[in-house]
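Grab a pencil and try each exercise before you read its solution. Keep the picture open while you work.

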Amino acid sequence: MHVIVWEFRPQEGKDAEFERAYGSDGVWARLFARSPDYRGTDLLKSTTDGTYLTVDRWTSSTAFADFKQRWLAEYQALDQKMESLTVSERSIGAFESV
């Protein structure tokens, strides 16, 4: 299993909209679901500081790279559109199951 983790801080007052877009049934998950190798997304909210983590699961790093190559234009367009929802976003990293 290949897992990609991002940290986000939504714009003030945009938590609900952010959660809809980045949650397990949101626009990102629907885009990722075009790949049969996508295994789901978990959206986690901090209980202390209002930050969120997304955890995207793929069968392998190659599967994610193939998805991104095939759907790059849509990925970039959605990324640009979603920028208005966040104050910050930071890649935590990519991880493999051991």
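**Exercise 1.** Not counting residues up to four places away in sequence, which residues does Thr51 touch? Then work out where Thr51 sits and how covered it is.

*Solution.* One thing to keep in mind from the start: this is a predicted model.
- Step 1: Look around Thr51 and skip its neighbours up to four places away in sequence. You should find Glu7, Phe8, Arg9, Leu44, Lys45 and Ser46.
- Step 2: Now place Thr51 itself. It lies in the loop between β2 (38-45) and β3 (52-58).
- Step 3: Check the cover. The relative accessible area of Thr51 is 10%, and buried means under 20%, so Thr51 is buried.
- Step 4: Zoom in on the side chain of Thr51. It makes a polar contact with the side chain of Asp49, at 2.8 Å.

**Exercise 2.** Is His2 buried or exposed? Find its strand and its polar partner too.

*Solution.*
- Step 1: His2 belongs to strand β1, which covers residues 2-10.
- Step 2: Its relative accessibility is 6%, so His2 counts as buried.
- Step 3: Set aside neighbours within four places in sequence and list the contacts of His2. Among them are Trp58, Phe64 and Phe95.
- Step 4: Glu96 is also in contact with His2, and the side chains of His2 and Glu96 make a polar contact at 2.5 Å. Glu96 belongs to strand β4 (residues 86-96).

**Exercise 3.** Which backbone oxygen does the side chain of Gln11 reach? Describe both partners.

*Solution.*
- Step 1: Start with Gln11, in the loop between β1 and α1 (15-22).
- Step 2: With 31% relative accessibility, Gln11 counts as partly exposed, because that class lies between the 20% and 50% cut-offs.
- Step 3: Follow the side chain of Gln11 to the backbone oxygen of Thr86, 3.3 Å away.
- Step 4: Turn to Thr86, in strand β4. Its relative accessible area is 8%, so Thr86 is buried.
- Step 5: Compare the contact lists, leaving out residues up to four places away in sequence. Gln11 touches Ser84, Leu85, Thr86 and Val87. Thr86 touches Phe8, Arg9, Pro10, Gln11 and Phe18.

**Exercise 4.** How many Å separate the C-alpha atoms of Gln11 and Arg39? Do the same for Thr86 and Ser60.

*Solution.*
- Step 1: Gln11 and Arg39 are 28 residues apart along the chain, and their C-alpha atoms are separated by 28 Å.
- Step 2: Thr86 and Ser60 are 26 residues apart in sequence and, C-alpha to C-alpha, 28 Å apart in space.

**Exercise 5.** Zoom out. What pattern does the protein chain follow along its sequence, and why does its radius of gyration agree with a compact globule?

*Solution.*
- Step 1: Count the elements: four helices and four strands. Read in order, they give β-α-α-β-β-α-α-β.
- Step 2: Test the radius. A compact globule of 98 residues would come out near 13 Å, and the chain has 13 Å, which is why the two agree.
- Step 3: Add the spans of the C-alpha trace along its principal axes, about 35 × 30 × 20 Å.
- Step 4: Look at the cover. Buried residues make up 36% of the 98 residues, while the chain exposes about 6000 Å², with carbon and sulfur atoms supplying 49% of that.
- Step 5: Check the contacts between residues at least 6 apart in sequence. Of these, 69% join residues at least 24 apart.
- Step 6: Finish with charges. The mean positions of the 12 positive and 16 negative charges are 4 Å apart.

Definitions and conventions: Residues are numbered from 1 along each chain as its sequence is written. This is a predicted model: local features need pLDDT of at least 70, side-chain atom pairs count only at pLDDT 80 or more; totals for chains, interfaces and linings use all residues. Side-chain values use heavy atoms; hydrogens and water are left out. Helices (H or I, at least four residues) and strands (E, at least two) are DSSP runs, numbered from the N terminus. The radius of gyration is taken over C-alpha atoms; the globule rule is 2.2 Å times the number of residues to the power 0.38. Buried means under 20% relative accessible area, exposed over 50%, partly exposed in between (1.4 Å probe, protein chains only). Contact means heavy atoms within 4.5 Å. Accessible areas come from the Shrake-Rupley method with a 1.4 Å probe; for residues, only the protein chains shown count as cover. Lys and Arg count as positive and Asp and Glu as negative; His and the chain ends are not counted. The place of a charge is taken as NZ of Lys, CZ of Arg, CG of Asp or CD of Glu. A polar contact is a pair of N or O atoms within 3.5 Å; within protein, one must be able to donate a hydrogen and the other to accept it, and residues adjacent in sequence count only if both atoms are side-chain atoms.
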